[in-house]
Amino acid sequence: MSDTPYDKRDALDMNESLKPIPFGKPQLDQSTFDGVQAVLESGVLVHGKVTEAFENAFAERIGTAHAVAVSSCTAGLHLTLFVKQVGPGDKVAVPAMTHVATAHAVELVGAQPVFIDIDPATGNMDPALLAEAARSKGPLSAVMPVHYLGLPCDMTAIAEIARDQNAFILEDCALAVDATYDGRKAGGLGLAGAFSFYPVKHMTSIEGGMVTTNDDTLAQAIRKCRAFSYNRSLGERVRPGIYDVDALGYNYRMSEVEAAVGLSQLGRLDDFQQIRSRNDAILRQGLSDLPNITIFPDRAGKAVSSLYCLNIVLPKDGSVERDVLVDDLKANGIGTSVHYPSAVPLFTYYKDKYGYRAGDFPNAEWLGQQTISLPVAPHVSEEDAHRIVACVRSGYEKARKR
Ligand SMILES: Cc1ncc(COP(=O)(O)O)c(C=O)c1O
């Protein structure tokens with residue numbers, strides 16, 4: 001490896017080479033602080049105009065008719081399934097490799113997740129396996145494609161299967177802000193999409209999420225159900241405090257403070273995405289020749305990734321030890337993450353409930369054991385990105401079993 005340009009790392013001065021580079025770090029600036037201060041001074045902390053402004057701006061960005069702010073992506077997924085009356089007896093397809101939130105949303109409404117293994121070339125739900133599961137385990141009431149680390153799923157194939165099943169599509173866009181499929185943004189590719197604004201996502205609102213949809217009735221139902229299913233919102237009440245409740249509902253609202261943070265982040269998203277793209281290119285180019293490494297593509301067919309992070313997947317045979325590499329990167333001040341630490345069906349809750357076993361979802365299990373997520377977010381400077389490459393390369397050598 002001595003002939004790589006990354007030997008330049010040795011020439012970095014000591015302080016610079018030890019500067020910590022966390023996996024994620026929210027980029028908050030004066031515009032965020034000003035927005036939050038204005039909300040706090042206004043005294044209107046929920047049910048206000050800032051949330052409305054954030055919703056409108058987000059809908060415009062994604063290109064959907066509606067965006068409904070909620071307290072998290074999980075809340076958005078749960079609410080959507082709930083208002084669509086998915087419940088006991090229903091089956092919902094979810095990928096076996098995702099954040100547990102996707103499957104939990106299905107469990108929370110009392111329906112059953114049908115786990116689909118992923119395509120080892122992209123990390124996304126494998127449409128051929130979805131079709132097989134629809135045949136053998138269907139009918140499916142809904143399909144929840146998760147755009148793994150920002151790369152949209154094969155939505156043409158998934159939509160065809162969903163149509164055959166009479167199932168709706170709920171996209172999990174937690175890591176897919178600005179990802180596109182066939183030129184259209186994720187979040188507008190199915191009936192609805194749910195986004196996450198958790199602190200280390202593409203943009204943050206502290207906690208928070210957004211449901212996007214072109215369906216007027218669904219948007220209205222989610223809006224109502226996120227606030228107890230009051231029949232009148234605060235602004236619609238003839239007399240203060242007087243309302244009726246004609247359905248079950250949750251408290252899944254976003255606060256005005258969170259909306260102010262989200263709105264200011266949205267204004268900076270173009271800059272954030274440019275930096276992600278530069279960093280992704282540096283890491284991708286600098287690491288792609290590592291022996292037996294898998295790096296998922298930034299584009300596949302009609303899909304263009306939102307580049308949440310650069311994940312490297314170590315060989316299936318365990319010939320490179322993930323713990324050794326992660327520890328070495330940590331010793332060099334480089335933060336990493338894992339998306340995600342287990343195939344969801346093998347988390348204890350699901351394993352115990354449904355009797356899944358190791359080997360049932362080989363591709364998802366491979367990722368659970370061997371993927372490492374490297375930072376590309378806006379806190380990573382160009383120099384940092386080169387340092388990450390150098391450290392991964394030297395760590396990779398140490399982690400290879402001989
Ligand atoms: C794919 C996916 N879905 C859902 C979630 C949950 O998001 P939130 O924390 O906003 O509920 C996450 C969180 O990382 C995720 O990665």
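# Close-up views of a predicted model

**View 1. A proline sits between a helix and a strand.** P139 has its place in the loop between α6 (127–137) and β4. This model is predicted. The peptide bond from G138 to P139 is cis, and its omega is near 5 degrees. Most residues other than glycine have a negative phi, and most peptide bonds are trans.

**View 2. H339 and Y340 share a cis peptide bond.** Omega is about 0 degrees for this bond. Y340 is found in the loop that runs between α11 (322–331) and α12 (348–354).

**View 3. Two residues other than glycine show a positive phi.** For Q85, phi is near 60 degrees. Q85 has its place in the loop between α4 and β2. Is Q85 buried or exposed? Q85 is exposed, because 10 other C-beta atoms lie within 10 Å, and a residue counts as exposed at 12 or fewer. For F228, phi is about 65 degrees. F228 lies in the loop between α8 and α9 (256–266). F228 is partly exposed, with 16 other C-beta atoms within 10 Å.

**View 4. Seven strands form an open sheet.** The strands follow the order β1-β9-β8-β5-β4-β2-β3, and the pairing is mixed. Which strands are at the edges? They are β1 and β3 (112–116), and each pairs on one side only. Strands of a sheet pair through backbone hydrogen bonds, either parallel or antiparallel. Strands β2 (residues 91–95) and β4 (residues 142–143) run parallel and are joined by two bridges. V92 has A142 as its bridge partner in β4.

**View 5. Two helices lie across strands of the sheet.** Helix α3 (residues 49–62) lies across β1 and β9. It runs at about 135 degrees to β1. Helix α7 (residues 155–165) lies across β4 and β5 (168–172). Its angle to β5 is about 140 degrees.

**View 6. Helix α8 packs through its buried residues.** Which residues of α8 (residues 216–225) are buried? They are L218, A219, A221, I222, K224 and C225. The buried residues of this helix pack against two strands and a helix named here, β1 (66–70), β8 (192–196) and α4 (73–83), and also against β9 (209–213).

**View 7. A nonpolar core of 122 residues is the largest in the model.** A93, A142 and V143 have the most contacts inside it. Helix α14 (residues 382–399) gives the most to this core, with eight residues. The core draws at least three residues from each of domain 1 and domain 2. What does A142 touch, leaving aside neighbours within four places in sequence? A142 is in contact with L81, V86, V92, A167, F168 and L170.

**View 8. Two domains meet.** The domain assignment gives domain 1 (5–11 + 269–399) and domain 2 (30–266). Their centres, taken over C-alpha atoms, are separated by 26 Å. At the contact, 30 residues of domain 1 touch 29 residues of domain 2. On the domain 1 side, α10 (269–287), β12 (303–304) and α13 (362–370) each supply at least two residues. The largest share, six residues, comes from α13.

**View 9. Confidence varies along the chain.** The mean pLDDT is 95, and 96% of residues reach 70 or more. Over residues 1–14, the pLDDT is below 50. This stretch has 14 contacts in the model beyond near neighbours in sequence. Where pLDDT is low, the predicted coordinates should not be read in detail.

Note on methods: Residues are numbered from 1 along each chain as its sequence is written. This is a predicted model: local features need pLDDT of at least 70, side-chain atom pairs count only at pLDDT 80 or more; totals for chains, interfaces and linings use all residues. A residue is buried if 20 or more other C-beta atoms lie within 10 Å of its own, exposed if 12 or fewer, and partly exposed in between; C-beta atoms are placed from the backbone. Helices (H or I, at least four residues) and strands (E, at least two) are DSSP runs, numbered from the N terminus. Two residues are in contact if their C-beta atoms, placed from the backbone, lie within 7 Å. A nonpolar core is a set of buried Ala, Val, Leu, Ile, Met, Phe, Trp, Tyr and Cys residues joined through C-beta atoms within 7 Å. Domain bounds come from an automatic or database domain assignment. Two strands pair if DSSP finds at least two bridges between them. Axes are lines fitted to C-alpha atoms, for helices over the stretch in contact, and angles run from 0 to 180 degrees between N-to-C directions. pLDDT is the predictor's confidence in each residue, from 0 to 100.
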